[in-house]
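Hi everyone, thanks for coming. I'd like to walk you through one model today, so let's put it up on the screen.

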Amino acid sequence: EYAYMGQLISEGIIPYNGAYSMKLPGTAFMYYVIMSIFGRSVAGIHMGLLAINMAVLPALFSLSKRLVNQRAAIVAASSYAVISLSLPVIGFMAHATHFVVLFAIWGVYFLYVAMEDTGKRRWLIAASGLCLGMAFVMKQHGMFFYFFAVVYLYFMRQCFKDFVFDCVILSVMAAMPFAVTLLIIYRGGVFGNFWFWCFTYSSKYVSSLPLMEGLSRFSTMAPRMVKHFTAFWIFGIIGFIALANAQIQGRGSRRPFIVLFFLFSFLSILPGLYFREHYFVLIIPALSLAAGYCSEHLTSALKEKSKNTLLPMLPIAALFVSVIVTLSLQGEIYFRLPPDEISRKIYGMNPFIESLKIAQYIKSRAKDGDRIAILGSEPQILFYSGLHSATGYIYMYGLMEDQPYNLQMQKAMVAEIEKIKPAFIVFVQIPASWLPAQNAPLLIFDWAKRYIEENYVVTGVIDMQYYDNIVYKFDAEALDYNPRSKFYVCIFKRKDGG
């Protein structure tokens, strides 16, 4: 999704024009920047993710050092560096949450320094607001870090007048990235699309899951998170509890900072109650801070009670051993398997591996200006092929959800495809690419069957019989081939004169 949108931006096509998304467009623009620097390729995107991850570390290290000490800062920064890119949070994929954290942690750092450096207080609050505003335009979850800043300023107020003035500076600067975004969107003529996707539809999306189902998801996901890097989670939670119940000796004003940062980081993973793995990236900086404090607190306590010089290092050693052991247990993913096998192991029969061959085949047959319509949620085909979608609907999930706009969205997608008359249609017969709700309208399927039969001929079939048994049939071989599996992808080419 983001790579394709970044590709469109490089061609002068802004988000919500050629591709729709309910996320704010900041991450798509960051992908454009990453691909401009590291190359428009899978490797370039992963290099960009490593750069983004590394850019978080100086802010997290410096913040931890100011809050506790250098040893705790080393624990916090190194923990984040590893765990934010780990398998449990699907961290080696460049999700929007990585970009939210990048700007949020710098905003949080500038805010804290502003409370210590009264001489540069206003400038630092302004810098904090700008960073927190950038975190929001990466993805709506970033708003919680702005709320954290406002609440923390209230806790640290010397008088109400100063609090109001600080909040005005913070809010004006935080609004600037969103204001620039609105200007770009408005001048691009797609404000209606933008508002519908990012606010009208997304508000229904985040409110569609019942509370009890959300709690059930959390009760399932949380133990899965804690199961990996167990010592880190234990140290982080203990550190938070300790901070919530006691002052840091000689540093009382720092207690509300860490506690509030932890609480608002947790709130940032709540919207929609979906609790997807990559949402937990948002809470890792706060957990890293708390884990660093906990390890240092335990180290100091052991120093006081024991004359053994090695014993005080036990808490930090336990934390790092836990990380190393977890990495070694997942060594197959991290160090040995090739990317294709990693994809299959994590995502099962989703056609991510097959998408590359599909895109290469279409690209080899396409002429300049040809478009693709993908009936399925596989925008990676667009990125791999370099061709444009015939519709802005690059995911099918919104069309299939139990929400009031599903039929409207299906009709809009049909109209866009019929208007463009794409050279190719890719139909993905894989449940995970649709996830239809029980009472979702089926207009899109009825229309597709009729429209494809009238205007297209099959030119490719990818029969996903099993993980290691994928059958590819192209051109004449595809004409009379009937898939043996329930999971398959069909490529259709428009009939001459169609």
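Let's begin with R344 and E354, which form a salt bridge with closest N and O atoms 2.4 Å apart. The pair links distant parts of the chain, with R344 in helix 16 (residues 339-347) and E354 in helix 17, 10 residues apart. Keep in mind that this is a predicted model.

Is this bridge's arginine, R344, buried or exposed? With a relative accessible area of 12%, R344 is buried, because the cut-off for buried is under 20%. E354 is buried as well, at 1%.

While we're on helix 17, E354 has company there: I353, S355, I358, A359, Y361 and I362 are also buried. Does the length of the helix agree, and what should its 14 residues span? At 1.5 Å a residue, residues 352-365 should span 20 Å, and the end C-alpha atoms are 21 Å apart, which agrees.

Now to the other salt bridges; the count comes to 13. R122 and D166 form one of them, with the closest N and O atoms 1.9 Å apart. R122 lies in helix 6 (residues 121-138) and D166 in helix 8 (residues 160-187), so this pair ties together parts 44 residues apart in sequence. The two ends differ in burial: R122 is partly exposed at 30% relative accessibility, whereas D166 is buried at 1%. Bridges that share partners join R121, R122, D162 and D166 into one network.

Another one to look at is R66 with E116, whose closest N and O atoms are 2.6 Å apart. Here R66 sits in helix 3 and E116 in helix 5, 50 residues apart. Both ends are partly exposed, R66 at 31% and E116 at 34%.

Let's move inside. The largest nonpolar core has 161 residues, and L63, F148, F232, F257, I362, L375 and V426 have the most contacts inside it. Helix 5 (residues 96-116) gives the largest share of this core, 15 residues. If you zoom in on F257 and skip its neighbours within four places in sequence, you'll find it in contact with L63, L67, V108, Y112, F148 and Y152.

Finally, the outside. Y32, V33, I37, F38, M47 and L50 make a nonpolar surface patch of about 530 Å². Which helix supplies the largest share of the patch? Helix 2 does, with four residues, while helix 2 (26-38) and helix 3 (42-67) each supply at least two. Y32 lies in helix 2 and is partly exposed at 33%.

Thanks, and I'm happy to rotate the view for anyone.

Notes
Residues are numbered from 1 along each chain as its sequence is written. This is a predicted model: local features need pLDDT of at least 70, side-chain atom pairs count only at pLDDT 80 or more; totals for chains, interfaces and linings use all residues. Side-chain values use heavy atoms; hydrogens and water are left out. A nonpolar core is a set of buried Ala, Val, Leu, Ile, Met, Phe, Trp, Tyr and Cys residues joined through side-chain atoms within 4.5 Å. Buried means under 20% relative accessible area, exposed over 50%, partly exposed in between (1.4 Å probe, protein chains only). Contact means heavy atoms within 4.5 Å. Patches are made of residues with over 30% relative accessible area and no salt bridge: like charges are joined within 9 Å, nonpolar side chains (Val, Leu, Ile, Met, Phe, Trp, Tyr) within 5 Å. Accessible areas come from the Shrake-Rupley method with a 1.4 Å probe; for residues, only the protein chains shown count as cover. A salt bridge is a side-chain nitrogen of Lys or Arg within 4 Å of a carboxyl oxygen of Asp or Glu. The expected span of a helix is 1.5 Å times one less than its number of residues.
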